[in-house]
Amino acid sequence: MGANQFDVVVVGSGAAGLYACLCLPSHYRVALVTKAELKTGASDWAQGGIAAAIAPTDSPESHYEDTLAAGAGLCDGEAVDFLVNHAPQAIAELVQFGVSFDRHGQDLALTLEAAHSQPRVLHAADTTGRAIVSTLMEQVQARSNVEIFSQAIALSLNIDPTTGHCRGIQVFCNRTIATFHSQAVLLATGGGGQVFAQTTNPKVSTGDGIALAWRSGAQVRDLEFFQFHPTALTKPGVPHFLISEAVRGEGAHLLDRQGKRFAFDYHPRGELAPRDVVSRAIFQHLANTEKDPTQATVFLDLSPIEPERIQRRFPNIIRRCRQWGVDIFQEPIPVAPAAHYWMGGITADLNCQTTIPGLYALGETASTGVHGANRLASNSLLECIVFASQLRNLSLPPFSSSAIPISQSTATEIQLDTANDLALLNHWRSELPRLMWQTAGICRQAETLQTAIAKLEKWQEQWQQLSSSKLLAHLPEDQTINLNGTGLEEFIQLWAETHNLLDIAQLILTSALFRQESRGGHYRLDYPDTQVQWQSPTAIESAKVFLQPRQNQVSVNGM
């Protein structure tokens, strides 16, 4: 195999991408492409834990029912069944790899989280994601068949014009754009929270995989369903830091400025209602009680929890809050909702296969149907592990170098004047998240969605006219391009991410306008009720938006 020839290219180095590298057959040559340093994805930030029915009093059937109830009628029954029944084995594999979950004596410790009927969430203090990712990263770095390309930007997929198969990916790395030829590409780039002004997601979460797949013709699904986490630390000048669901699971109360425990006014389960319900409760309560609800917060009071338990369970939250001037033992934490998890993604089956042969999707990037309209807490890390395990069965034909186009010329040199386009790109990166928060955030309606779509279309036209876009957007895949220019690495990342954010914003707005009901993470002020005729996924393919009938769909009343 040549230097840029691989059996599989994995894009993304969170839990999904790392575990995929470990599960792929060891005789495959694998490229792991990550656009930042390793361990910068959302998995590393996951605090709450990973769900699995391993207690004697619990069962996969109970986990299944809880997942369906949270998914508000849009879960794929077969996918959920697959998830919950493979969960115990996934935990066993993580323990075998060396993940140190908390224990009670010899038993794995389990806690209760919102919308779970049983304590079934395993954790490693309040940094479960970090514990998993750091362990998996050590394992991946020890694999001789995996080559890691960090600070590498995936720019476009290469689709064979004759067969329609994905046969590689164009990557910017070390000031060069080159094609990584492969038999399969696996997208595990996480979510797209940076499309919203208020988000718990890291800066790298810009919807890259979904945008890449969409531009190549893959079907995407359920993109209007975005989960807004109810409790993100909210202080002026401070980054939004997620205060885990587990804090409320352990007994913390939500209070308004007057000290009232208001959540029960909106749902009988109060703070332990599903996330979308709690987020809207906070949103509506602030709208009803505050002069300027956009600047206001509610408060998470941890005083009902024993201090020793707080010390043991939430050391990272203690440390981070203290860093931003909040002593959680002496005062409640100011919190407000923020965009957290994207239920939708690239349509993928139980084998992670998308609608494009040779293209696979995994984790938050994928829409497998397990989350429906609203993810159940701590099912996301589980989804990464369970579905990545399927890649052990991946069978690829022998790599054929004859299928690779032979470049007739040496590397092409391109001088990029980055200063020309910088102002517009920075403007969009600033304004787009504000526009999306105002129009496609917690509450939506047709008029503002249509206005936002019109603005997005204008911005996308302007993006196409950028001098950098004209140079870089449609490069031949059989050539190596050497780029010259000042601040090149930062500029290419800004350019590519802005392109992706513009596309996923358009897809979210289009899906949100199309779905004329409220369900799960999608709430329409002008269509506040859940309607049975809309109990199907929203699919977008070839610029067409439609409801996708599904044979194994399960009818469950939303919560």
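This is a short dialogue on reading salt bridges, sheets, a surface patch and a few single residues in a predicted model.

Visitor: Start with charges. How many salt bridges does a search of the whole structure find?

Guide: The search finds 21 salt bridges. One of them joins Glu 147 to Arg 29. Their closest N and O atoms are 3.0 Å apart.

Visitor: Which parts of the chain does the pair of Glu 147 and Arg 29 tie together?

Guide: Look at where each partner sits. Glu 147 lies in strand 7, residues 146-150. Arg 29 lies in the loop between helix 1 (15-23) and strand 2 (30-34). The pair therefore ties together parts that are 118 residues apart in sequence.

Visitor: Are Glu 147 and Arg 29 buried or exposed?

Guide: Neither word fits. Partly exposed is the class between under 20% and over 50% relative accessible area. Glu 147 has 33%, so Glu 147 counts as partly exposed. Arg 29, with 25%, is partly exposed as well.

Visitor: What is the N to O distance in the salt bridge of Lys 35 and Glu 497?

Guide: The distance is 2.6 Å, N to O. This pair also links distant parts of the chain. Lys 35 is in the loop between strand 2 and strand 3 (50-51). Glu 497 is in helix 14, residues 488-514. The two are 462 residues apart. Both Lys 35 and Glu 497 are buried.

Visitor: And Arg 515: with which residue does Arg 515 form a salt bridge?

Guide: The partner is Glu 517. The closest N and O atoms of this pair are 2.7 Å apart. Arg 515 is buried, at 0% relative accessible area. Glu 517 is buried too, with a value of 0%.

Visitor: Which residues do salt bridges that share partners join into one network?

Guide: The network holds Lys 35, Asp 208, Arg 429 and Glu 497. Shared partners are what to trace here.

Visitor: On to sheets. What holds the strands of a sheet together?

Guide: Strands of a sheet pair through backbone hydrogen bonds, and the pairing is either parallel or antiparallel. Now take a case. One open sheet has five strands in the order 13-12-16-15-14. Its pairing is antiparallel.

Visitor: Which strands stand at the edges of that sheet, and why does each have one side without a neighbour?

Guide: The edges are strand 13 (241-242) and strand 14 (253-255). Each has a single partner strand, so one side of each is left without a neighbour in the sheet. Check the strand 13 end. Strand 12, residues 226-233, pairs with strand 13 over two bridges, in the antiparallel sense. Leu 233 stands opposite Phe 241 in strand 13.

Visitor: What is the order of strands in the open sheet with mixed pairing?

Guide: The order is 19-17-11-22-23, five strands in an open sheet. Strand 19 (366-367) and strand 23 stand at the edges. Each has a single partner strand, so one side of each lacks a neighbour in the sheet.

Visitor: How many bridges join strand 11 to strand 22?

Guide: Two bridges join them, and the strands run antiparallel. Strand 11 covers residues 220-221, and strand 22 covers residues 538-541. Val 220 stands opposite Ile 540 in strand 22.

Visitor: And how do strand 22 and strand 23 pair?

Guide: They pair in the antiparallel sense, over four bridges. Strand 23 covers residues 544-547. Ala 539 stands opposite Phe 546 in strand 23. The two strands form a hairpin with two residues between them. Ser 542 takes a positive phi near 50° in this hairpin.

Visitor: Now the surface. Which residues form the negative surface patch?

Guide: They are Glu 61, Glu 65, Glu 78 and Asp 81. Helix 2 (60-70) and helix 3 (77-97) each supply at least two residues of the patch. Asp 81 is in helix 3. With 39% relative accessible area, Asp 81 is partly exposed.

Visitor: Last, sequence against space. How far apart are Thr 354 and Leu 187?

Guide: Give both separations. They are 167 residues apart in sequence and 10.0 Å apart in space, C-alpha to C-alpha. Thr 354 lies in the loop between strand 17 (345-347) and strand 18 (359-361). Thr 354 is buried, at 7% relative accessible area.

Visitor: What separates the C-alpha atoms of Asn 426 and Leu 416?

Guide: A distance of 17 Å, with their positions 10 residues apart along the chain. Asn 426 lies in helix 11, residues 419-440. At 40% relative accessibility, Asn 426 is partly exposed.

Notes
Residues are numbered from 1 along each chain as its sequence is written. This is a predicted model: local features need pLDDT of at least 70, side-chain atom pairs count only at pLDDT 80 or more; totals for chains, interfaces and linings use all residues. Side-chain values use heavy atoms; hydrogens and water are left out. A salt bridge is a side-chain nitrogen of Lys or Arg within 4 Å of a carboxyl oxygen of Asp or Glu. Buried means under 20% relative accessible area, exposed over 50%, partly exposed in between (1.4 Å probe, protein chains only). Two strands pair if DSSP finds at least two bridges between them. Patches are made of residues with over 30% relative accessible area and no salt bridge: like charges are joined within 9 Å, nonpolar side chains (Val, Leu, Ile, Met, Phe, Trp, Tyr) within 5 Å. Accessible areas come from the Shrake-Rupley method with a 1.4 Å probe; for residues, only the protein chains shown count as cover. Lys and Arg count as positive and Asp and Glu as negative; His and the chain ends are not counted. The place of a charge is taken as NZ of Lys, CZ of Arg, CG of Asp or CD of Glu.
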